[in-house]
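Here is a short tour of one protein model. Keep the sequence and the 3D view open while you read.

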Amino acid sequence: MSNEYVAGGPATDAPAPDRLADVFRVESVRRDDDRILYLGEPLVGADELERRVYPAFREAGYDVRLATVQDTETDPISGVELRSRRRALVAQPADGRIDSVPWTNVVMLAATVLTTLFAGSVWYYEPLTGPLDLFTGDKWKFSVAVLSVLAVHELGHYVLSRYHRVNASLPYFIPIPSFIGTLGAVIRMKGRIPDRKALFDIGVAGPLAGLVAAVVVSAVGLLLPPIAVPESVLGSANAVEIRFGYPPLLQFLSTVLDRPLSYADPSRAVNPVVFGGWVGMFVTVLNLLPVGQLDGGHLVRAMAGDRAETVAALVPAALFGLAGYLYLFTDVGFNAPFLWGFWGVFSLGLAYMGSADPVFDEPLDAKRMAVGVLTFALGALCFVPVPFELMS
């Protein structure tokens, strides 16, 4: 074995090469920033190798995976650098620590604040005459409503990732100038999922946390006073109306609180904060599609094991079927069929890419299975076939 394995520093607690001897022949160990590369040759299959070495690395606080890496060595005779592709166990700290300001996350969040404020200016009928107008009026209420729902959803994933010691990034918010102001938010899972329990807990935490936030935001919006629609909008022949489809859960909240979701008087409109809750419910439906790397895909993979692939294969067909039915047999226009057709294509790609595979694949306990069924049932209460229509 090479003498490049040096004790001390971040590798002090990393597993010694001789602990891997049964499954991996270590030829050298090198450091690459915060990573430790065990270069050598596997003695067993990749899946078995990762299962065998994972406990030792996890106990030491490292995530590990088998990879092919670029290796550079200097020929002792000619002094020429030789480059080659080598097999290696790549270990890196699994504590998810943040060593510096996550500028990408910060910049994307700031941009999304601006785009949701812009969307809020449309909803509150507050025309912009200059950039500073983004920070006046009531438009901030819509921005806070949307961003809080998305943030709670993603932080649910992040907190459970940290709990299970799985490396994950902070949320990335996605800005886009639209009537919502964002395409949502995501976190990157950078570490291996240890088992089905961790996969389930991380997957379910986002939808449940986000749904609670969506219910709270919707209730606040329903209790806020309606807004006035300007005469200039009411009398405009070029105005485009967005007619929303309200899911059963939002209709239930409206009934319980005895507050309307629409008004017969066209000069009044429901407070836009309600649409922050609507966004949360819509995001919940999309995320719970049981395919690929979506939350629903994680849940089904954790609950059903390899049979999740069969479920995932049915999702695109169901979405294409819904899009076709709405287009051919209803008069809802093109928006809803296009939406579900787009998600049919997207889910087809997700199904092809496959789902997350935990290192250990033991079945879930009955309590988690029940929570999974409940989560999908709550997601169904957020579904509406026609989420919105553009009416000119």
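## A residue in helix H3

Leaving aside its neighbours within four places in sequence, Ser161 touches Val166, Ala168, Ile187, Met189 and Ile202. Contact here means heavy atoms within 4.5 Å. Ser161 sits in helix H3. Helices (H or I, at least four residues) and strands (E, at least two) are DSSP runs, numbered from the N terminus. Is Ser161 buried or exposed? Ser161 is buried, at a relative accessible area of 0%. Buried means under 20% relative accessible area, exposed means over 50%, and partly exposed lies in between (1.4 Å probe, protein chains only).

A word on the source. This is a predicted model, in which local features need pLDDT of at least 70, side-chain atom pairs count only at pLDDT 80 or more, and totals for chains, interfaces and linings use all residues. Residues are numbered from 1 along each chain as its sequence is written, and side-chain values use heavy atoms, with hydrogens and water left out.

## The whole protein

The protein has 11 helices and 10 strands. Its C-alpha atoms fill a box of roughly 85 × 45 × 35 Å, taken along the principal axes. Of its 392 residues, 46% are buried. Now take contacts between residues at least 6 apart in sequence: 70% of them join residues at least 24 apart. The exposed surface comes to about 19900 Å², and carbon and sulfur atoms supply 62% of it. Such areas come from the Shrake-Rupley method with a 1.4 Å probe; for residues, only the protein chains shown count as cover.

## The largest pocket

A pocket is found on a 1 Å grid over the protein atoms alone: it is an open set of points where a 1.4 Å probe fits, with protein on both sides within 12 Å along at least five of seven lines. Lining residues have an atom within 4 Å of a point. The largest pocket has a volume of about 1500 Å³. That volume is the space filled by probe spheres set on the points, which are joined across faces, edges and corners.

The lining holds 47 residues. Leu183, Val186, Asn287, Leu294 and Trp343 lie nearest the pocket's centre. Which element gives the largest share of the lining? Helix H10 does, with 8 residues. Other elements that supply at least two residues each include helix H3, strand E6, helix H4 and helix H7. The lining divides into 29 nonpolar, 11 polar and 7 charged residues. Here Ala, Val, Leu, Ile, Met, Phe, Trp, Tyr, Cys and Pro count as nonpolar, Asp, Glu, Lys and Arg as charged, and the others, Gly among them, as polar.

## Two annotated spans

An unreviewed UniProt entry lists several spans as "transmembrane region", among them residues 106–125 and 170–187. Such annotations may be inferred rather than shown by experiment. In the model, residues 106–125 are 90% helix and 0% strand, and their end C-alpha atoms lie 28 Å apart. Residues 170–187 are 0% helix and 50% strand, with end C-alpha atoms 6 Å apart.

## More residues to find

The table gives the place and relative accessible area of some residues.

| Residue | Place | Relative accessible area |
|---|---|---|
| Val274 | helix H7 | 0%, buried |
| Ala119 | helix H2 | 0%, buried |
| Ala94 | loop between strand E4 and helix H2 | 11%, buried |
| Tyr125 | loop between helix H2 and H3 | 32%, partly exposed |
| Asp258 | loop between helix H6 and strand E9 | 65%, exposed |

Start with Val274. Not counting residues up to four places away in sequence, Val274 touches Ser218, Gly221, Leu222, Leu250 and Leu261. Val274 and Val216 are 58 residues apart along the chain, with C-alpha atoms separated by 9.8 Å.

Next comes Ala119. Ala119 and Pro177 are 58 residues apart in sequence and 7.2 Å apart in space, C-alpha to C-alpha. Beyond four places in sequence, the contacts of Ala119 include Phe142, Ser178 and Gly181.

Ala94 has contacts beyond four places too, including Gly61, Tyr62 and Arg165. The C-alpha atoms of Ala94 and Asp47 are separated by 20 Å.

Finally, check the backbone. Tyr125 has a positive phi, near 55°, and is not a glycine. Asp258 is not a glycine either, and its phi is positive at about 55°.
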